[in-house]
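This report covers a metal site, two sheets, the helices that pack on them, and several ring contacts. The sequence and structure come first.

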Amino acid sequence: MIRIESLHFHYPGTDFQLAIPRLSVAAGEKVAVVGPSGSGKTTLLNLIGGILTTGDGEVQVGEVRVNALPDADRRNFRISTIGFVFQDFELLDYLTVWDNILHPYRITGALTLNGEVRDRAHGLAEQMGIADKLRRRPGHLSQGEKQRTAICRALLTRPALILADEATGNLDPDNKIRILDLLFRSVDEHGATLLAVTHDHGLLQRFSRVVDFSAFRSGAGDAA
Ligand code: ADP
Ligand code: MG
């Protein structure tokens, strides 16, 4: 599902370097990504999701070479194929929770909003415990509620790939389990693939594999 080869990336004007000789994730895998703050975990997710690009190396998702796509195609590809749970949520403050959840369907012709999607959105909101908050705006939500809104939005499209950036970071233990269950169920039910950054070492045994980012900073060694 994900294949990275000889990837090099740096932010212009900084000395941050990310070097990933090789990383493959098979369809259906549930991979946890761990590593110190500032080691480039979010950067990697942005490269896989095509939010950042580099001319240096291969980033392939499914059959698509993300780096080679023109901007508009890359955006459509991301919205319809990838469920992205951003570390800072990226909710739109001027939209209600409901409209935030449906947002992917309103910004690309690649997805069609219909009654079935709305039903699914209600179902997800219910499972996430935010069904009573759908008319609120993000400014009136707790951090955990914002996060659960972001997760509903990410899962609504039934993405083939879920990229979750510390998606359980702001949650109490019960909600952590609930969200992880929901992410894993999406993987199992739709044959999706999950790449999840987490600092929560208590959750790691539930993943099929752990990728440790310390390996990439040195630029040495291959990660399978
Ligand atoms: P992590 O998610 O592992 O904490 P990040 O990928 O967010 O790490 O950041 C990796 C490094 O790149 C950090 O040193 C961070 O300060 C830097 N960085 C992140 N985003 C940018 C940016 N847009 N421009 C310049 N430097 C950035
Ligand atoms: Mg990060």
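## A charge over a ring

Over the face of which residue does Lys30 lie? Lys30 sits over the face of Phe184, at 5.1 Å from the ring centre. The criterion is NZ of Lys or CZ of Arg within 6 Å of the ring centre and within 35 degrees of the ring normal.

## Basis of the values

This is a predicted model, in which local features need pLDDT of at least 70 and side-chain atom pairs count only at pLDDT 80 or more, while totals for chains, interfaces and linings use all residues. Residues are numbered from 1 along each chain as its sequence is written, chains are lettered from A and ligands numbered from 1 in the order in which they are written, and side-chain values use heavy atoms, with hydrogens and water left out.

## Magnesium site

Thr42 (OG1) and Gln87 (OE1) are the protein donors of the magnesium ion (ligand 2), at 2.0 to 2.3 Å from it. Donors are N, O and S atoms within 2.8 Å of the metal (3.2 Å for Na, K and Ca); water is not among the atoms, so sites may look incomplete. The two donor residues are 45 residues apart and link distant parts of the chain: Thr42 belongs to helix 1 (residues 41–48), and Gln87 to the loop between strand 6 (82–85) and helix 3 (97–106). Helices (H or I, at least four residues) and strands (E, at least two) are DSSP runs, numbered from the N terminus.

Thr42 is partly exposed, with a relative accessible area of 29%; Gln87, at 37%, is also partly exposed. Buried means under 20% relative accessible area, exposed over 50%, and partly exposed in between (1.4 Å probe, protein chains only).

## Antiparallel sheet

Four strands form an open antiparallel sheet in the order 2-1-4-5. Strand 2 (18–25) and strand 5 (64–65) are at the edges with a single partner strand each, so one side of each has no neighbour in the sheet. Two strands pair if DSSP finds at least two bridges between them. Strand 1 (residues 2–9) and strand 2 are joined by seven bridges, and Ile2 has Val25 of strand 2 as its bridge partner.

Helix 1 lies across strand 1, strand 2 and strand 4 (58–61), at about 120 degrees to strand 1. Axes are lines fitted to C-alpha atoms, for helices over the stretch in contact, and angles run from 0 to 180 degrees between N-to-C directions.

## Parallel sheet

A second open sheet has five strands in the order 6-7-8-3-9, with parallel pairing. Strand 6 and strand 9 (209–212) stand at its edges, each with a single partner strand. Strand 6 and strand 7 (residues 161–165) are joined by four bridges, and Ile82 stands opposite Leu161 in strand 7.

Helix 2 (residues 71–81) packs on this sheet and touches strand 6 and strand 7 (contact: heavy atoms within 4.5 Å). The direction of helix 2 makes about 85 degrees with that of strand 6. Helix 1 lies across strand 3 (30–34), strand 6, strand 7 and strand 8 (193–197), at about 155 degrees to strand 7.

## Aromatic pairs

The structure holds four aromatic pairs. Rings of Phe, Tyr and Trp (its six-membered ring) pair if their centres lie within 6.5 Å; planes under 30 degrees apart count as stacked, over 60 as edge-to-face and the rest as tilted. One of the pairs is Phe9 and Tyr11, edge-to-face at 4.9 Å centre to centre, with 90 degrees between the planes. Tyr11 and Phe16 form a tilted pair, 5.9 Å centre to centre and 35 degrees between the planes.

Ring pairs thus link Phe9, Tyr11 and Phe16 into a cluster. Phe9 is buried at 8% relative accessible area, as is Phe16 at 12%, whereas Tyr11 is partly exposed at 29%.
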